[in-house]
Amino acid sequence: MNFTSENMILIWLVLLVLFVVVELLTTQLVSIWFAGGSLISLILSFLDVSIAVQIIVFFITSVIFLCITYPLYHKYVKSEIVPLNADSLIGLYGIVIKEINNKKAVGQIKVKGQVWSALNEIDEIIPEGEEVKLIKIEGVHVIVQKKEEERG
């Protein structure tokens, strides 16, 4: 295939549109730097720069855009992992409202007005009315320990 200046204009334009569409369809930066490289090479093709130079410039500018935008994206745009509201319950105390029995996989506690399915940290029954501390959350269960068993 004989690449002419007109062909290269069309190729860079198609690549530019393709990379922009891919970027718009995703929630992460995946192709924006290639879109920038395509744009620069498209401009060079209008200026009738050789095809080899256009291709080299495409790769170089894409890498430069990647090196510039990716760290900035992670610093300013991409949010840190935000703990769930449930994670804020860890370390708080709750009251057992249904006996906690790991062997029967039953038990419920109430903490901050919310009812949670609960399991004991150790394989011991905790009776209704007992005060417990939330240690961690595993799936839909909170893992608790008796208040007096707290480690110092």
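In this predicted model, strand S2 (residues 106-111) and strand S3 run antiparallel and are joined by 4 bridges. Within this pairing, Gln108 of S2 stands opposite Ser117 in S3. The two strands form a hairpin, with 2 residues between them. Lys112 lies in the turn of this hairpin and has a positive phi of about 50 degrees. S3 also pairs with S5, in the parallel sense and over 4 bridges. Ser117 takes part here as well, its bridge partner in S5 being His141. Ser117 thus has Gln108 opposite it and His141 as its bridge partner in S5.

Strand S4 holds Leu134. The relative accessibility of Leu134 is 2%, and the residue is therefore counted as buried, the cut-off being under 20%. With neighbours within four places in sequence left aside, Leu134 is in contact with a run of residues comprising Leu89, Ile90, Gly91, Leu92, Tyr93 and Gly94, and also with Ile109, Val111, Val142, Ile143 and Val144. Ile109 and Val111 fall within the residue range of S2 (106-111), and Val142, Ile143 and Val144 within that of S5 (141-146). Thr27 lies 107 residues from Leu134 along the chain, and the C-alpha atoms of these two residues are separated by 35 Å.

The count of salt bridges comes to 3. One of them is formed by the side chains of Lys146 and Glu124, with an N to O distance of 2.8 Å. This pair links distant parts of the chain, since Lys146 belongs to strand S5 (residues 141-146) and Glu124 to the loop between strand S3 (114-120) and strand S4 (131-138), 22 residues apart. Lys146 has a relative accessible area of 12% and so is buried, whereas Glu124, at 29%, counts as partly exposed.

Another salt bridge connects Lys147 and Glu131, whose closest N and O atoms are 3.3 Å apart. Here too distant parts of the chain are linked: Lys147 is in the segment after S5 and Glu131 is in strand S4, with their positions 16 residues apart in the numbering. Both partners are partly exposed, Lys147 with a relative accessible area of 40% and Glu131 with one of 29%. A further salt bridge brings together the side chains of Glu138 and Lys136, at 3.2 Å from N to O. Glu138 is partly exposed at a relative accessible area of 43%, and Lys136 is likewise partly exposed, at 39%.

In the helical part of the chain, helix H3 spans residues 51-77. Gln54, Phe58, Thr61, Ser62 and Tyr73 are buried in H3. The buried residues of this helix pack against helix H1 (5-25) and helix H2 (32-46). H3 also contains Ile64, which has a relative accessibility of 43% and so counts as partly exposed. Ile64 contributes to a nonpolar surface patch of about 700 Å². The other members of the patch are Ile56, Ile60, Ile68, Leu72, Tyr76 and Val77.

Phe19 is placed in helix H1. With a relative accessible area of 16%, Phe19 is below the 20% cut-off and is therefore buried. Apart from neighbours within four places in sequence, the contacts of Phe19 are Ser31, Phe34, Ala35, Ser38 and Phe58. Phe58 is one of the buried residues of H3, and the contact between Phe19 and Phe58 accords with the packing of the buried residues of H3 against H1. Phe19 and Gln145 are 126 residues apart along the chain, and their C-alpha atoms are separated by 53 Å.

As for confidence, the chain has a mean pLDDT of 87, and 90% of its residues reach 70 or more. Among the elements of the chain, the highest mean pLDDT is that of H2, at 95, and the lowest is that of H3, at 89.

Conventions:
Residues numbered from 1 in each chain as written. Predicted model: local features only at pLDDT ≥ 70, side-chain atom pairs only at ≥ 80, totals over all residues. Heavy atoms only, no water. Patch = residues over 30% accessible without salt bridge, like charges linked within 9 Å, V, L, I, M, F, W, Y side chains within 5 Å. Areas by Shrake-Rupley, 256 points an atom, 1.4 Å probe, with all protein chains shown as cover. Salt bridge = Lys/Arg side-chain N within 4 Å of Asp/Glu carboxyl O. Buried < 20%, exposed > 50% of the residue type's maximum accessible area, 1.4 Å probe, protein only. Contact = heavy atoms within 4.5 Å. Pairing = 2+ DSSP bridges. pLDDT = per-residue confidence, 0-100.
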